[in-house]
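Student: Could you walk me through this structure and show me how to read its features?
Tutor: Happily; have a look at it, and then we can begin.

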Amino acid sequence: MANDPIHQFQIQKIFPIEVGGMDFSFTNSSLFMVLTVAATCAFLIFSTSGRGLVPSRLQSVSEMAYEFVAGTLRSAAGTEGMRFFPLVFSLFMFVLVANLFGMFPYFFTITSHIIVTFALAMLVIFTVIIYGFMRNGMKFFKLFVPSGVPVALLPLVTLIEVISFLSRPVSLSVRLFANMLAGHITLKVFSGFIVSLSALGAVGIFGSILPLGMTVALTALEFLVAFLQAYVFTVLTCMYLNDAIHPSH
Amino acid sequence: MAGETHSTTEGTHEAIEVPAAEHGAGFPPFDVTTFASQLLWLAITFAVFYWIMKNVAMPRIAGILEDREDRIAGDFSEANRLKEETDAAIAAYEQALAEARNKAHGIANDTRAKLKADNETRREKAEAGLAEKLKAAEAHIAGIKTEALSQIGEIAGDTTSALVEKLIGKAPTKTDLTKALKSAMN
């Protein structure tokens with residue numbers, strides 16, 4: 001069980017709740033969602049409690065996160081896109097902190113479950129579709145009909161555009177889910193090697209240096225991936241929101 | 001080296017075999033029975049998170065950043081105002097300096113002209129005095145000269161008559177003497 005790389009993704013019920021035959025139990029996943037939200041809110045609020053004109057270290061971390069997301073959204077979707085800033089900032093912080101929380105040993109990684117990342121992706125896609133139709137009406141369909149394409153090619157291009165639009169939630173959610181899942185499995189497998197090699201005696205202990213080095217290197221890589229995937233999720237969200245604001249491209 | 005590879009392979013086998021034995025239900029992320037609970041709790045937590053971000057955390061950070069921007073903009077305009085004041089002071093100072101310089105030039109020129117005029121009149125006065133004295137001296141010399149010349153004839157007559165008396169033993173007559181003297185002196 002200690003060596004089982006899949007065990008870390010197991011959902012365990014903490015408070016069983018059942019409504020109408022559906023299982024809505026408060027699980028370890030729910031617990032870490034609550035912890036992610038609580039930790040992020042606490043950090044952002046307490047670090048800015050000084051309201052320093054000259055920021056303290058923690059305050060400048062909050063400010064950096066804020067300005068980083070603001071800059072990403074503004075460059076991708078323009079000033080008009082700033083109406084989605086609360087959503088984009090919430091998504092970035094939630095995914096980032098959830099990913100980073102997953103790096104603690106024995107912590108549950110909520111973004112390693114496809115249903116969570118898919119739900120977040122669908123939130124983005126529905127925001128794009130609903131806002132796109134509210135703002136542009138039927139002109140929103142221009143998104144699928146690029147201008148300046150020869151008439152003969154138009155049906156094909158439109159088909160490709162529709163397929164690419166429909167695959168967005170899948171690619172958005174699978175990218176995040178697969179990265180987190182694969183990274184954690186790899187880490188677990190390599191650290192499992194250390195344990196099983198060390199059990200073989202002196203030669204094994206010596207040999208376990210190799211997977212140990214790999215585990216250290218992978219841990220660093222996983223921190224990078226945790227940030228990078230949160231960033232990629234945010235950038236793509238910004239680009240999709242830009243489509244809702246300016247559908248004719 | 002060979003032993004190490006062997007044991008690594010063993011570890012992989014162990015790692016892969018165990019889940020199949022323990023989790024008959026399959027891969028946890030694809031376990032549909034957990035989806036409802038995850039979706040519900042994600043919706044609750046994310047909604048709360050979004051609300052707190054939108055209404056508490058973000059206005060706070062935005063307020064801090066805005067305050068700082070305002071402060072910086074205020075400081076900038078204050079600095080600009082002070083700079084303008086400094087520039088004006090420098091211009092006023094330079095103007096005063098130029099005026100003072102002009103005034104000093106004027107005073108120096110006036111003084112120089114006045115001194116020059118003074119010197120001129122004094123010089124002219126001195127020259128006039130000298131010319132007068134020169135004239136007087138020249139007149140005096142001319143007087144003495146004419147006096148001496150008038151006495152020369154008499155002395156020459158006396159000397160001549162004495163010489164002639166010594167030579168021929170007889171003094172010449174006054175008329176002859178005067179005649180001879182006149183012809184000799186002319």
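Student: Is B:Arg71 buried, exposed or partly exposed, and how do I tell?
Tutor: This is a predicted model, and the cut-offs are simple: buried means under 20% relative accessible area, and exposed means over 50%. B:Arg71 has 45% relative accessibility, so this residue counts as partly exposed.

Student: Which residue does B:Arg71 meet in a salt bridge?
Tutor: The side chain of B:Arg71 pairs with that of B:Asp75, at 3.5 Å from N to O. B:Asp75 is partly exposed too, because its relative accessibility is 44%. Both sit in helix 2 of chain B, and they are about one helical turn apart because 4 residues separate them.

Student: Where else can I practise on chain B?
Tutor: Try B:Arg123, which forms a salt bridge with B:Glu120; their closest N and O atoms are 3.4 Å apart. This pair also belongs to helix 2 of chain B, and a spacing of 3 residues again puts the partners about one helical turn apart. B:Arg123 is partly exposed at 43% relative accessibility, and B:Glu120 is partly exposed at 36%. There is also a network of salt bridges, which links B:Glu78, B:Arg81 and B:Glu85.

Student: How many salt bridges does the structure hold over all chains?
Tutor: Over all chains there are 10. One of the pairs is in chain A, where the side chains of A:Glu80 and A:Arg135 meet at 2.5 Å, N to O. A:Glu80 is in the loop between helix 2 and helix 3 of chain A, while A:Arg135 is in helix 4, so this salt bridge ties together parts that lie 55 residues apart in sequence. As for accessibility, A:Glu80 is partly exposed at 37%, and A:Arg135 is partly exposed at 36%.

Student: Now helix 4 of chain A has come up. Why does A:Thr127 count as buried?
Tutor: Use the cut-off again: A:Thr127 has 19% relative accessibility, so this residue counts as buried. Its place is in helix 4, residues 114-136 of chain A. To see what surrounds a residue, set aside its neighbours within four places in sequence; A:Thr127 is then in contact with A:Phe84, A:Leu87, A:Gly132 and A:Leu241.

Student: Which residues touch the most other members of the largest nonpolar core?
Tutor: They are A:Phe85, A:Phe89 and A:Leu120, in a core of 68 residues. Helices of both chains each supply at least two residues of this core, including helix 1 (28-47) and helix 5 (154-198) of chain A and helix 2 (35-168) of chain B. Helix 3 of chain A gives the largest share, 13 residues. For a closer view, pick A:Phe85: leaving aside neighbours within four places in sequence, this residue contacts A:Tyr66, A:Val69, A:Ala70, A:Leu73 and B:Met58.

Student: Where does UniProt place the feature "transmembrane region" in chain A?
Tutor: The unreviewed UniProt entry gives residues 31-54, 84-108, 114-134, 143-165, 185-209 and 221-242. You can set such a record beside the model by checking the helix content of a span and how far apart its ends are. For residues 31-54 of chain A, the span is 71% helix and 0% strand, with its end C-alpha atoms 36 Å apart. Residues 221-242 of chain A are 100% helix and 0% strand, and there the end C-alpha atoms lie 31 Å apart.

Terms used. Residues are numbered from 1 along each chain as its sequence is written. Chains are lettered from A and ligands numbered from 1 in the order in which they are written. This is a predicted model: local features need pLDDT of at least 70, side-chain atom pairs count only at pLDDT 80 or more; totals for chains, interfaces and linings use all residues. Side-chain values use heavy atoms; hydrogens and water are left out. Buried means under 20% relative accessible area, exposed over 50%, partly exposed in between (1.4 Å probe, protein chains only). Contact means heavy atoms within 4.5 Å. A nonpolar core is a set of buried Ala, Val, Leu, Ile, Met, Phe, Trp, Tyr and Cys residues joined through side-chain atoms within 4.5 Å. A salt bridge is a side-chain nitrogen of Lys or Arg within 4 Å of a carboxyl oxygen of Asp or Glu. UniProt positions are given in the numbering used here, feature names are shortened, and annotations may be inferred rather than shown by experiment.
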